[in-house]
Amino acid sequence: MINKKVDPRVQRTQNLLRDALIELIDEKTYEKITIQDITTRATVNRATFYRHFLDKDELLNQSIDKMLKELFGEASKFYTVSKNVDELQKYVASHIFEHIARHKKFFQVMLIGKGIPNFIHYLKEFLFEFYDHAISEANLVENELPVAKEMVVSYISAAYIGVISWWLENDMLESPSSMAQQMIQINTQGPIQLLKKYQKPES
């Protein structure tokens, strides 16, 4: 089945409304934001808003869903072709940090700003679901793993959220490629092993 392309004008309008909502969430509580606030900020009329969304909740939910689905790019197709865990990790890490850099305002507001209370939970669910499926596709002998697969997936998901939050809080001084490389290094060697490797010998 051929995916139907979204009209660029529709996409532009929806992006304007999403960006307006995110800016407003950064300025005041979500409950106090009105449709009029959103349309004024986005420079579109109310009729245009209602052609795309039922209310501000639908705008918010669809914006979050779209942003998180785009977090992994074509990774869902990638792991059906390649079963190599290292290659998958390189692809995913690079795409995650590049995507967040492109949508800096959204993630700053939602993760470390006022945002909404459940956003971190949504993000962790997306990360967990992706890695759980990816690891299942990697032809592992799960019953021989020294720890439960779900524990590994949960650890990776929480690690990404922590590192992404740190990056945003520090105004993204590191480049996306540098963040991806460092994240891969931590994942590959493990934080404790990495620290021990560079620990000075006792005198």
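This passage walks through the nonpolar core, one helix pair and a few single residues of a predicted model.

The core comes first. The largest nonpolar core holds 52 residues, and those touching the most other members are Ile38, Ile96, Phe107, Met110, Phe119 and Tyr160. Quite a list of helices feeds into this core: α1 (8-27), α2, α4 (56-69), α6 (85-102), α7 (104-112), α8 (119-136), α9 and α10 each give two or more residues. As a general backdrop, nonpolar side chains in soluble globular proteins tend to be buried together.

Phe119 makes a handy way into the core, being one of the residues that touch the most other members. Setting aside neighbours within four places in sequence, Phe119 is in contact with Ile64, Leu68, Phe106, Phe107, Met110 and Leu111. Two of these partners, Phe107 and Met110, are themselves on the list of core residues that touch the most other members.

Leu111 turns up again as a partner of Ser165, which also touches Ile112, once residues up to four places away in sequence are left out. Ser165 sits in helix α9. With a relative accessible area of 13%, Ser165 falls under the 20% cut-off and so counts as buried.

Next comes the pairing of α1 with α4. The axes of these two helices lie 10 Å apart and cross at an angle of about 105°. That angle is within the 65 to 115 degree range, so α1 and α4 count as roughly perpendicular to each other. On the α1 side, the contact involves Gln11, Leu17, Arg18, Leu21 and Ile25; these meet Lys56, Leu59, Leu60, Ser63, Lys66 and Met67 of α4. By type, the residues of this contact split into 6 nonpolar, 2 polar and 3 charged.

That leaves the backbone, where two loop residues deserve a look. Thr43 is not a glycine, yet has a positive phi of about 55°. The residue lies in the loop between α2 (35-42) and α3 (46-52). Thr43 counts as exposed because its relative accessibility of 67% is over the 50% cut-off. Asp171, another residue other than glycine, also has a positive phi, near 55°. Asp171 belongs to the loop that links α9 (149-169) and α10 (176-189). How exposed is Asp171? A relative accessible area of 45% makes Asp171 partly exposed, since this value lies between the 20% and 50% cut-offs.

Conventions
Residues numbered from 1 in each chain as written. Predicted model: local features only at pLDDT ≥ 70, side-chain atom pairs only at ≥ 80, totals over all residues. Heavy atoms only, no water. Helix = DSSP H or I, 4+ residues; strand = E, 2+ residues; numbered from the N terminus. Buried < 20%, exposed > 50% of the residue type's maximum accessible area, 1.4 Å probe, protein only. Contact = heavy atoms within 4.5 Å. Core = buried A, V, L, I, M, F, W, Y, C linked by side-chain atoms within 4.5 Å. Axes fitted to C-alpha atoms, helices over the stretch in contact; angles between N-to-C directions. Parallel < 35°, antiparallel > 145°, perpendicular 65-115°, else oblique. Nonpolar A, V, L, I, M, F, W, Y, C, P; charged D, E, K, R; others polar.
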